[in-house]
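I opened this notebook to keep track of what I look up, one topic per entry. The sequence and structure come first, then my notes.

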Amino acid sequence: MDFIAVVGRFFLGFLATSGRIAIFAGEGLGHCVRPPFYFRLIGRQMMDIGYYSLPVVGLTALFTGMVLALQSYTGFSRFNAESAIATVVVLSVTRELAPVLAGLMIAGRVGAAMAAEIGTMRVTEQIDALTTLSTNPVKYLVVPRLLAAILMLPACVFVADIIGVLGGYLVSTTKLGFNPAVYIKNTIQYLEVIDVISGLIKAAVFGFLIALMGCYHGYNSRGGAQGVGSATTNAVVSSSILILAANYLLTEAFF
Amino acid sequence: MAEATPKISIRGLRKSFGRKVVLDGIDLDIRAGESLVIIGGSGSGKTVLIKNVIGLVSPDDGSIKIDGEETVGMNARDRARIMKKFGMLFQGGALFDSLPVWENVAFGLVTEQGVRRTDAKARAAEVLAAVGLAPEVAELWPAELSGGMQKRVSLARAIATEPEIILFDEPTTGLDPIMGDVINDLIIACVRKLGATALTITHDMQSARKIATRIAMIHRGRIIWHGPVAEVDRSGNPFVEQFIYGSAEGPIQMEVRRL
Ligand SMILES: Nc1ncnc2c1ncn2[C@@H]1O[C@H](COP(=O)(O)OP(=O)(O)OP(=O)(O)O)[C@@H](O)[C@H]1O
Ligand SMILES: [Mg+2]
C-alpha cells in the first residue's frame, strides 16, 4: 500500500502548494489596488520585463514566422492552396505562437531573474529589513513585478505579432515567389480584431503567471545559494507549465 | 508607588524550531531610556530573541508587550504602527544591494516619515558621517564596501529615523577596536541624547561594559542572570564569570571534541 501513500502524499502536497500560491496571489493583487504605489519601481520593472525582452522576443517571432511560411507551403502546395499561406501565418502567429513563445522566452528570462533576486533578498534578510523599515515586502517587491508583467507582456506580444508576420512575408516573397502586394492583401483580408485581442489577453495572463511564479518561489526560498538556485528552477518550470495549461484553457474560451 | 510601564516586557517567551528548543521561558523587562546588553554563547538564541521582540519571528508561547501593548498575535495594521517605533541592525547587515548606500540609509526616512528624497539624502550624509563614513561612500553600492563599512551603513540605517527602540545585533563585531569604540559612543549617544531604549547583543565584554546600563545573560533558552552593569563582576554566578573571563573551563561546556 506504499504506492497509494506516496500518491496521496503527493496529492496533498500539491493541494497545499496550490492553496499557498492562491493566498500569495490574492495578497499580491490586493496590494495592487491599495496605496502607497511605488511608481518608480513599477517603471523600472516595465523596462526590465518589456523593453529588455524585445530582442529575444523579436528574434523568436522572426524565425517562427519564417519557418511557418515554409512549413505551410509544404503542406498547402500539395492541394494547390498556396494562397492560404498568408492567412495561416497571421492567424497562427497572433492567436497562438507569438503569445506562447514570447511567454516561454520571458518566463526563462524574467521569471528566473525575479526568483533569484527576491530569493537572495530573502536569504540575506533584506526582506526582514524591509519589514523593520515599515515597508510591506509584498507591496514593495511583488506588486511592481506583477503589474509590470501584466502590462508589458501584451506589448511585447504585439511587437512579436508584427515581426512574426514580417518573417512570413520575407520568406514568402523572396523564396516562395509570392507577389508582395497580394501577400499583404491576403494577410489583412481574413484577419479579425479578435484574433489579435485574444492573443494579447493570453499574453496578459501569461505575464501574471510568470511574475507570480517568480515572486512566489523567490519569496519562499530557504537556505543559502542552493535554495535560491532551486527557487529559480522551480519558477521557470512551473511558469512554463502553467503557461501551456492556461493557453489551452484560454484557447478553448476564445474558440 | 506603581512602577512606570516598562518599554518592553517579555513574559514566558518560548520558541522552538522543530524539536530544537531555542527560547524556553524568557522573562525580561526593559525600561524606557535604558540600554540593556544581552550576552550569551554563540547559538544560545540571542538573535531569535530580538527577532521575536520586533515581530519578525512569532513565538510559540508567551507575551511581549511594547509600551504596555500586547504584540503577540497582533493584527497587521497595529503591527505596522508598532514597527515605526523600532530600528534594527541585523547581524548580517542585510543592506539592500540594489540601492546605493545613501538610499539604504534614507530608506526609513522616506517610507516612515515621508521625508522628500533630497532632504533624506542630506540627512543620510549626516548619519553616515556619525558612523565615520566619508561623503563619497554615499554614492557607492553596498557590494563595493568592506565588511566593517557595511556594518556601519547598516547601523546608520537603523538609527537614521531616530526610533524609540533600537535593536543592535552585534554592532561592533568585525570592526577594529578604535572604530568599535566610536560605535560604542554612538550607541550611548542614541540612548542619552535621543532618549532611545537600546537592546544590544554583543560578545564583546569591553563594549558591553561601556554601553550597558544593565546586562542580561542568556543560556539554554533562559535568562540566567541580569543586573546593573556595575554588578557583573560580582554576580556570583559561575556562568557569568566564565563568560566574562572567556574561559573554556567552567559550567558552560562547548560541544567540541579535542583534536
Ligand atoms: N530559522 C531558523 N530555523 C531553524 N533553526 C533556527 C532558525 N533560526 C535560529 N535557529 C536556531 O536557533 C539557535 C539560536 O540561534 P541564534 O541565531 O539566536 O543564535 P545567537 O545567540 O544569535 O548566536 P550568535 O552569537 O552566533 O549569533 C541556533 O541553534 C539556530 O540553529
Ligand atoms: Mg546572533
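**Entry 1: a term I need.** I sort lining residues by class. Ala, Val, Leu, Ile, Met, Phe, Trp, Tyr, Cys and Pro count as nonpolar, Asp, Glu, Lys and Arg count as charged, and the others, Gly among them, count as polar. I also note that I am reading a predicted model.

**Entry 2: the second largest cavity.** I looked up its volume and found about 30 Å³. I then listed its lining: His31(A), Arg34(A), Pro36(A), Phe37(A), Tyr38(A), Ile42(A), Lys139(A), Val143(A) and Pro144(A). By class, I get six nonpolar, one polar and two charged residues. Which element gives the most to this lining? H6(A) does, with three residues.

**Entry 3: the largest cavity.** I asked how many cavities of 30 Å³ or more a search of the whole structure finds. I got two. The largest holds about 50 Å³ of space. From chain A, its lining takes Ala129(A), Thr132(A) and Leu133(A). From chain B, I noted Gly87(B), Met88(B), Phe90(B), Arg157(B) and Ala158(B). I checked the elements next. Helix H5 (126-132) of chain A supplies at least two of the lining residues, and so do strand E6 (86-89) and helix H5 (147-159) of chain B. The classes here are five nonpolar, two polar and one charged.

**Entry 4: the largest pocket.** I turned from cavities to pockets. The largest pocket has a volume of about 1300 Å³. How many residues line it? I count 48, and those nearest its centre are Tyr38(A), Ser134(A), Thr135(A), Asn136(A) and Pro137(A). Tyr38(A) was already in my notes, as part of the lining of the second largest cavity. Both chains give elements to the pocket lining. From chain A, helix H1 (2-32), helix H2 (39-49) and helix H6 (137-174) each supply at least two residues. From chain B, helix H2 (76-83) and helix H3 (101-113) each do so as well. I sorted the lining into 24 nonpolar, 13 polar and eleven charged residues.

**Entry 5: the second largest pocket.** I found a volume of about 720 Å³ for this one. It is lined by 25 residues, and the closest to its centre are His219(B), Arg220(B), Ile252(B), Gln253(B) and Met254(B). Three elements of chain B give two or more residues to the lining: E2, strand E9 (214-219) and helix H8 (238-245). E2(B) gives the most, with four residues. I noted nine nonpolar, ten polar and six charged residues.

**Entry 6: ligand 1.** I looked up what surrounds ligand 1. There are 14 residues, and Lys20(B), Ser42(B), Lys46(B), Thr47(B) and Gln91(B) are the closest. I went through some polar contacts. The side chain of Ser42(B) has an N or O atom 2.6 Å from an oxygen atom of the ligand. Gln91(B) brings a polar side-chain atom to 2.8 Å from a ligand oxygen. Gly45(B) uses a backbone N or O atom, at 3.0 Å from an oxygen of ligand 1. How much of the ligand does the protein cover? I read 63% of the 630 Å² of accessible area that ligand 1 has on its own.

I then asked where the shell comes from. Strand E2 (20-30) and helix H1 (46-54) of chain B each supply at least two residues. H1(B) has the largest share, three residues. The shell divides into three nonpolar, eight polar and three charged residues.

**Entry 7: a sheet in chain B.** I followed E2(B) into its sheet. Four strands form an open, antiparallel sheet in the order E2-E1-E4-E5. Why is one side of E2 and of E5 left without a neighbour? Both stand at the edges with a single partner strand each, so one side stays free of a neighbour in the sheet.

I checked the pairs. Strand E1 (residues 8-17) and strand E4 (residues 61-66) of chain B pair over five antiparallel bridges. Arg14(B) stands opposite Asp61(B) there. E4(B) is joined to strand E5 (residues 69-70) of chain B by two bridges, again antiparallel. Ile66(B) has Glu69(B) as its bridge partner, and Lys65(B) stands opposite Glu70(B).

My last note is on the turn. E4(B) and E5(B) form a hairpin with two residues between them. Asp67(B), in that turn, has a positive phi of about 50°.

Note on methods
Residues are numbered from 1 along each chain as its sequence is written. Chains are lettered from A and ligands numbered from 1 in the order in which they are written. This is a predicted model: local features need pLDDT of at least 70, side-chain atom pairs count only at pLDDT 80 or more; totals for chains, interfaces and linings use all residues. Side-chain values use heavy atoms; hydrogens and water are left out. Two strands pair if DSSP finds at least two bridges between them. A residue is near a molecule or strand if one of its heavy atoms lies within 4 Å of it. A polar contact is a pair of N or O atoms within 3.5 Å; within protein, one must be able to donate a hydrogen and the other to accept it, and residues adjacent in sequence count only if both atoms are side-chain atoms. Accessible areas come from the Shrake-Rupley method with a 1.4 Å probe; for residues, only the protein chains shown count as cover. On a 1 Å grid over the protein atoms alone, a cavity is a set of points where a 1.4 Å probe fits but cannot get out, and a pocket is an open set with protein on both sides within 12 Å along at least five of seven lines; lining residues have an atom within 4 Å of a point. Grid points are joined across faces, edges and corners, and a volume is the space filled by probe spheres set on the points.
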